[in-house]
Every structure is written in C-alpha cells, then in structure tokens.
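Please work through the exercises below with the sequence and the structure at hand, and try each task before reading its solution.

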Amino acid sequence: MNTPTSLSANGLPAGRKRKSNHEPKPIVVEGRTVSGKASRSLSPTEHNCSICKDIGFVARDVPRTHPDFGKVHPCVCRADDVAARRLRRLHRMSNMEGLEALSFENFIPEPGHLSPDQSQSLKNAYQSCHYFAEDPQGWLLLTGTYGCGKTHLAASIANSLLAGGKSVIFQTVPDLLDHLRSTFGPTSEISYDEFFEQVQNTPILILDDFGAHSSSQWANEKLFQILNHRYNTELPTVITTNLRLDTLEPRLRSRLSDVQLVTQVLISAPDFRSGSNPMQQDLSTLAFHGEHQFDTFNVERGDLIGDERVGLKKIVRTCVEYAKKPDGWLVLSGTYGCGKTHLAAAIANHQSKTLMGDVMFIVVPDLLDHLRAAFSPNSNTSYDLRFDQIKNTQLLVLDDLGTESATPWAREKLFQLLNYRYTAMLPTVITTSSIDDIEPRLLTRILDVSRCKLCHIKATSYRGSHSQQKSTGRNSKGRDR
C-alpha cells in the first residue's frame, strides 16, 4: 500500500521548493556552455574571481521581461581590460597617430620671447582650449599664422578627451577630403556613406588646417555638408585655420560667425618653428642694413654748421630712446642721404634683438609690389594673410614713404595699413623726403602730436660729403642715407 505523500502549502511534496524564474541561466562563452552556478567540484578559493569563476562574463538575475534577460555582460574583474580596449579603439578611430605626444602639459602658453600682446593672445587660446577639453560644448575656432601653436592646442584637446574616454575624430582637412575620395575605390575597406556618416556624427570633431585644401566645388560642398549638419545639431567641433573669415565660402562663413555657437580665438604669436614672423624672410630687407647701427652713425660731421649739427644730435638721441622703448609713431623727414634710413634701420636692428625678429623693415614701393604679387594664382601666400602679417607686426619700419606710385589702389592700401596701426597704436617708424608728398588722410595722423613724433633732419646729404671722405670706415660704416 502506498504511503500518502504529505504536501506543502505550495502544492509540492514536502521538502521541495519551486524553481526560481530568476536563477542564472547557462552562458555561452566562445562556443562553450557554462553554468551560471559555481561548480560543486571547485572551491571558490580556486578562482581569481569568485563572481564569474574566471570566465569573464556574467548574466544578471532579472525577470524574463527585463531588457537584460538572457544577455551576458563583462564581469567587474575585467573592467580595466574593457577600459583599455575601449581606449585603444578610440585612438584607432581618432586618427591621432603621430600626435600622441602633444598635450597641454608640454605646451608653453607664455614664452618669454613674445611681445606682451602676442603672449596674451597665446595664453587666451591655451585657456580656451583647456576649458573646451574639460567641457566640450559648442564650436571653437582657432585662427593664426603657420606654426603659432594651433595644431598643438587642437591635438591637446583631442588627447585630453581621449584620455577621459571620449570619442574624438581628428582630421586635417586635406586628408579628410582624400579619405572621402578614396572610399569610392574598389579596394576601400569602408564605404563612402559609412565614413561620411562617421565624420558627420562623431561626438567631437577636430578639423585642422581648414582652408589648406584645394578649393574645388566638390570639396567645398562636402565640407559644407559636414559642418552644416554639425551646426544644426550643435555637435562639439574644433576648427583651426590661417585664413580670415571673410575669405571663406559665404555659407561656411555665416555659420562660423555665429557668436551664439562659435568661440573665435585669434593667436597673434609668430611662427614658433622659425622663431620669427614667417613673412620676414621674403618681405623685410633689414638683413641688408646690418651695418646701420647707432654706433656707426657719424653725428660729428664736420661739414655741418651749428644748428644742423645740434639738431642732428638731438634727433639721434630721440631715435636711441625710441629704440629702447618704442611707443607710438616716429617720422623722420629730410633730404636724400641725410641719415634717416640709417637711423630707422638702427632702431629696427636694436629692437630685432628684443622681439626675436618680429620687426619688419621695408621700402614702401617694395611693400606695394609684394601686395600686388599676392593676387597672383601662383602666389604661395594669400593677399589677406600677407596684409594681416604686415599690419600686425610688432614694429613696422616704412622707408621712403611718398616715393610710391600714387595710384588710387596704392593710396588706399597704405591708408588701410597705417590707419589700422594708428588706431591700434602699434609702434611704427616712417621715413620720407618730404611730408608734403604724403596723402592728406595719412598726413593728419602724422601731425597728431599725441601719437606721433615728427623729426625733420636739416643736415645735407652725407654721401659724397667731405665728412664721408674723411671717415676711416666709409667702406663698412657711415653709408648714411
């Protein structure tokens, strides 16, 4: 006779429990089925991780209706490995190969050889980039000449964000366009649509050397599509360029001018790679005036009468003081050969040692020729960039003002240049044979005694004079103009 089985309250035989729906399910890892429970034959002490038993993955104990039901997740013991793999993947996608060493730590925001204004602009750019790296919001536009530090700062932003686990793509614009073109090739590992979407929607995009690409209709259209999408979605974007906004394609210029989204930062520092203003090499002729120093100027000319000699000595003292601390404008007038070019060059030579080459000495007709040449399609430097470098150079010396061809274009360019420096109160030295030959708009600025010191040299020409012939150093000194 069968013995009655006692039943518990849940309807099961006494001593038996209903199987929980939340019991860990078997996990498939690399083709092997692994139980969610610990093996009875192994002790927890035999595993490095008591949670996953060294499998590396676990299934969460959740109801069937939970989104994570049946899914496996990396165990906490693999957190470091997962983070390292994520960083490696982000670095591969970021295109930062070769730029990993560029960081905020090895950037010099206040180098000692720069002028106060240049140093401040670099410090402001450094701080703006640091803030962006800490909280990437909106757009950041870095402008400045070649080699002023734009790429270093942009790469520092990228490396800082990558170190924090953020997804970043860094691309120089010419390379970006080349990559887009290459996706049409039969051997491309990625389709055009996939790569374009990746760039367009990456959480943070950094475009270096914007404007260095060939300006074809296709290139302009692709860049506009990318930036217009990111503009509309307000995705964080960093752009570096050496161009002025008014030279860019109108649609792009409009978006980059939006002060609500875009922070514009101008770096006025010169090229760090050359150690000086990059325009000096092909514009400034100061190198031809190395012998023109204050100690080679013959102020004791025997052919001068009393007032002429006294007046010349006074003007030399004025030039020496100006060279020590350039402030405002200094205009030297006088006949040809009286020494005004020698004194102007002596000022420039003295200051070039202090400003690390950020001094431009140029004859006015040559200046205008350089500006005209910049309009040529074969020119390596745009007109706007060349004009900006001239008008913003720390000390500008213009020799022979008034001898240029008096065309409307020439008069307008000179007025734009000098009016900017007059308004900005940038140190400027001008030599002229007669102020009567100067265009009236410029003359009113030269006659402003609050900003300009006008010195008229009454001495006659030194060249061929008895004083020059007696000078023992006439072959290497005293070639006054």
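## Cysteines

Exercise 1. Determine how many disulfides this predicted model contains, and say whether Cys 148 and Cys 452 are buried or exposed.

Solution. A disulfide requires a pair of cysteine sulfur atoms within 2.5 Å, and by this rule the count comes to zero disulfides. As a check on one residue, take Cys 452, for which the nearest cysteine sulfur belongs to Cys 455 and is 8.6 Å away, and Cys 452 is in no disulfide. For the second part, buried means under 20% relative accessible area. Cys 452 has a relative accessible area of 7%, so this residue is buried. Cys 148 has a relative accessible area of 0%, so this residue is buried.

## The open sheet

Exercise 2. Find the order of the strands in the open sheet of five strands, and explain why β6 and β9 each have one side without a neighbour in the sheet.

Solution. Reading across the open sheet, the order is β6-β7-β8-β5-β9, and the pairing is parallel. The strands β6 (168-172) and β9 (262-267) stand at the edges and have a single partner strand each, so one side of each is left without a neighbour in the sheet. On average, and with direction ignored, neighbouring strands of this sheet are turned by 10° against each other.

Exercise 3. Describe how β6 is joined to β7, and which helix packs on the sheet there.

Solution. The strands β6 and β7 (residues 204-208) run parallel and are joined by five bridges; within this pairing, Ile 169 has Leu 205 of β7 as its bridge partner. Helix α4 (residues 173-182) packs on the sheet and touches both β6 and β7, while the direction of α4 makes about 100° with that of β6.

Definitions and conventions
Residues numbered from 1 in each chain as written. Predicted model: local features only at pLDDT ≥ 70, side-chain atom pairs only at ≥ 80, totals over all residues. Heavy atoms only, no water. Buried < 20%, exposed > 50% of the residue type's maximum accessible area, 1.4 Å probe, protein only. Pairing = 2+ DSSP bridges. Helix = DSSP H or I, 4+ residues; strand = E, 2+ residues; numbered from the N terminus. Axes fitted to C-alpha atoms, helices over the stretch in contact; angles between N-to-C directions. Contact = heavy atoms within 4.5 Å.
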